[in-house]
Amino acid sequence: MIDRISSVQGVGASVRRPAAADAAQQSFRTQLLARQQESQSIAFSKHARQRAEQRGIQVDDELMDQLSDTVEKAQAKGATNILAFDTTRAFIINVPNGRVITAMSPEEMKENIFTNIDGAVIL
């Protein structure tokens, strides 16, 4: 009986369902993104990644380079929490940890007051 169950499990384990394949692909994508961010001087928190996706903010290599440069400049000035923005997006960044805390689109920037920051940088 045990041998029979093992052989059935072995067959089932080699067959992947589309949902399982999607989950594995998403997991791989998440791990790859995390490794890329580790190699850079800045990373997005889980919250910031979710907000960027929800708000249609594309996070590409050019943006990551801009944010990395921004963090380096802010560190040199002694800033701890900054607002980095342009006309299409804004990011709150914790400078000592090199971590983007949240991302906002122009709609979220309107009529908002940004508190607990000690610097602002135009991208």
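1. Let's start with one pair of residues: N81 stands opposite N94 in β3. Keep in mind as you look that this is a predicted model. The two strands involved are β2 (residues 81–85) and β3 (residues 90–94), and they pair in the antiparallel sense over five bridges. Four residues sit between β2 and β3, and the two strands form a hairpin.

2. Now look at another partner of β2. Strand β5 (residues 119–122) pairs with β2 in the parallel sense, over four bridges. If you want a spot to click on, try L83, which stands opposite A120 in β5. As a bit of background, strands in a sheet pair through backbone hydrogen bonds, and they can do that either parallel or antiparallel.

3. What about β3 and β4? They run antiparallel, and five bridges join them. One place to see this is I92, whose bridge partner in β4 is T102.

4. Time to put the whole sheet together. Which order do the strands take? Reading across, the order is β1-β4-β3-β2-β5. That makes an open sheet of five strands with mixed pairing. The edges are β1 (43–44) and β5, each of which pairs on one side only. Helix α3 packs on this sheet, where it touches β1 and β4. The direction of α3 makes about 25° with that of β4.

5. Next, the inside. The largest nonpolar core has 18 residues, and those touching the most other members are I42, F44, L67, I82, F91, I93 and V100. Helices α3 (46–54) and α4 (61–77) each supply at least two residues of this core, and so does each of the strands β2, β3 and β4 (99–104). Helix α4 gives the most, with five residues. In general, nonpolar side chains in soluble globular proteins tend to be buried together.

6. I82 deserves a closer look. Leaving out residues up to four places away in sequence, I82 touches T70, A74, F91, I92, I93, V95, I117, D118, G119 and V121. Apart from the largest core lies another core, of five residues, including L83, I92, M104 and M109.

7. Last stop: E107, found in helix α5 (residues 106–109). Is E107 buried or exposed? Its relative accessibility is 58%, and exposed means over 50%, so E107 counts as exposed. The side chains of E107 and S105 are joined by a polar contact of 3.0 Å. You can also check E107 against T88: they are 19 residues apart in sequence, and their C-alpha atoms are 9.3 Å apart in space.

Technical notes: Residues are numbered from 1 along each chain as its sequence is written. This is a predicted model: local features need pLDDT of at least 70, side-chain atom pairs count only at pLDDT 80 or more; totals for chains, interfaces and linings use all residues. Side-chain values use heavy atoms; hydrogens and water are left out. Two strands pair if DSSP finds at least two bridges between them. Buried means under 20% relative accessible area, exposed over 50%, partly exposed in between (1.4 Å probe, protein chains only). A polar contact is a pair of N or O atoms within 3.5 Å; within protein, one must be able to donate a hydrogen and the other to accept it, and residues adjacent in sequence count only if both atoms are side-chain atoms. A nonpolar core is a set of buried Ala, Val, Leu, Ile, Met, Phe, Trp, Tyr and Cys residues joined through side-chain atoms within 4.5 Å. Contact means heavy atoms within 4.5 Å. Axes are lines fitted to C-alpha atoms, for helices over the stretch in contact, and angles run from 0 to 180 degrees between N-to-C directions.
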